[in-house]
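Trainee: I would like to go through this structure one question at a time. Please show it before we start.

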Amino acid sequence: MLALSDYHTVIALLELRHFGRAAARLGVSQPALTVRLQRIEAHVGTRLFERGRQGARPTAAGLTFGEGARRVIEAAEAALASSRDAALGYGETLSIGTTQIAALGLAIDVLTRFRAEQPRARIRLTEANTSRLEGLIEARVIDVALLHPPVHSSALTERLLRRGRLVSLDLSAESGPGTFVSYPRSEAPVLMGRIGRERAEAASLGEADTMLGALTLSRAGYGTCVVEESYARSVLAGDMAGLRPRRSGALATSVVWRRTDRRAIVRAFLACCVPSK
């Protein structure tokens, strides 16, 4: 069984790529660090670093192990923080995910209600795209999420909270004719499906993985972008004056949670997720 210090050892070597500097960070001698790494590699069953004059170069296995090591350390630190908070009288920690669009409007209202109902609960907020958030819920990294359906996993339950309007905007007079900003299809298949139908004859000169990025590229002259209207108005404020957004469909926002998660703190959060009229 590896100790938490072993995971810190691998992270130090990954970040510093040097035995002497890693040993200094960890507060051990360089020979002791070498012995510790040999023991870790023997436990894992493969070499994690190549030693040479250039220092410590991670192998493919070392890079993969490092990803897991960071998660272990983060989980340990979270457990320690939660224990200390419990001793101080604070409640459970609820891990919430949100998309950029939901964070700007809907999430604020929900979290305000939740804080009023559960003033001692701790919140850990993660921002990501819908596909990433769905995976994080399934992996139990987060507990609930505000994202944009459809949801593809039968292990998850969703409740529709809002239907927003998608609009087409061109924020620059310098845009070329028939150009538009796209999104990665793997991360926004529904949105790209709508864009694809509307832009069959257009060329995409820019791609953005968020709507904020799409607005940025459109402002820089890369063409028309398709964004959620209330999000665009919040971001652009007065810059929307004079523009005539053209409707391009709808974008729903739902709260999603694991079907089997019946904890009281999750039910309390869901009770604060009120559908918009």
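Trainee: With which residue does D261 form a salt bridge?

Mentor: Keep in mind that this is a predicted model. D261 counts as buried, at 10% relative accessibility, and R258 is buried too, with a relative accessible area of 6%. The closest N and O atoms of the pair are 3.2 Å apart, within the 4 Å that a salt bridge allows. The partner of D261 is R258.

Trainee: Which residues do salt bridges that share partners join into one network with D261?

Mentor: The side chains of R258 and D143 also meet in a salt bridge, at 3.6 Å from N to O. D143 in turn forms a salt bridge with R263, where the closest N and O atoms are 2.8 Å apart. Shared partners therefore join D261 into one network with D143, R258 and R263.

Trainee: How many residues apart in the chain are R263 and D143?

Mentor: R263 lies in the loop between strand 10 and helix 11. D143 lies in the loop between helix 7 and strand 5. The pair links distant parts of the chain, and the separation is 120 residues.

Trainee: Is R263 buried, partly exposed or exposed?

Mentor: Buried requires under 20% relative accessible area and exposed requires over 50%. Its partner D143 is buried, at 9%. R263 has a relative accessible area of 30%, so it is partly exposed.

Trainee: Turning to helix 6, on which side of it do the buried residues lie?

Mentor: Helix 6 covers residues 106–117 and reaches 17 Å from its first C-alpha to its last, close to the 16 Å expected. Its buried residues are L106, A107, V110 and F114. They cover an arc of only 85° around the axis, which means that they lie on the same side of helix 6.

Trainee: Which exposed residues does the face turned away from that buried side carry?

Mentor: The buried side holds L106, A107, V110 and F114. The face of helix 6 turned away from that side carries T112, R115 and A116.

Trainee: Which element gives the most residues to the largest nonpolar core?

Mentor: This core has 20 residues, of which L94, F114, V255 and F269 touch the most other members. Strand 3, helix 6, strand 5, strand 10 and helix 11 each give two or more residues to the core. With 5 residues, the element that gives the most is helix 11.

Trainee: Which residues of helix 6 are among those that F269 touches?

Mentor: Residues up to four places away in sequence are not counted here. The contacts of F269 include L94, I96, V144 and V255. Helix 6 spans residues 106–117, and the contacts of F269 also include V110, L111 and F114.

Key. Residues numbered from 1 in each chain as written. Predicted model: local features only at pLDDT ≥ 70, side-chain atom pairs only at ≥ 80, totals over all residues. Heavy atoms only, no water. Helix = DSSP H or I, 4+ residues; strand = E, 2+ residues; numbered from the N terminus. Expected span 1.5 Å × (residues − 1). Buried < 20%, exposed > 50% of the residue type's maximum accessible area, 1.4 Å probe, protein only. Arc of directions from axis to C-beta. Core = buried A, V, L, I, M, F, W, Y, C linked by side-chain atoms within 4.5 Å. Contact = heavy atoms within 4.5 Å.
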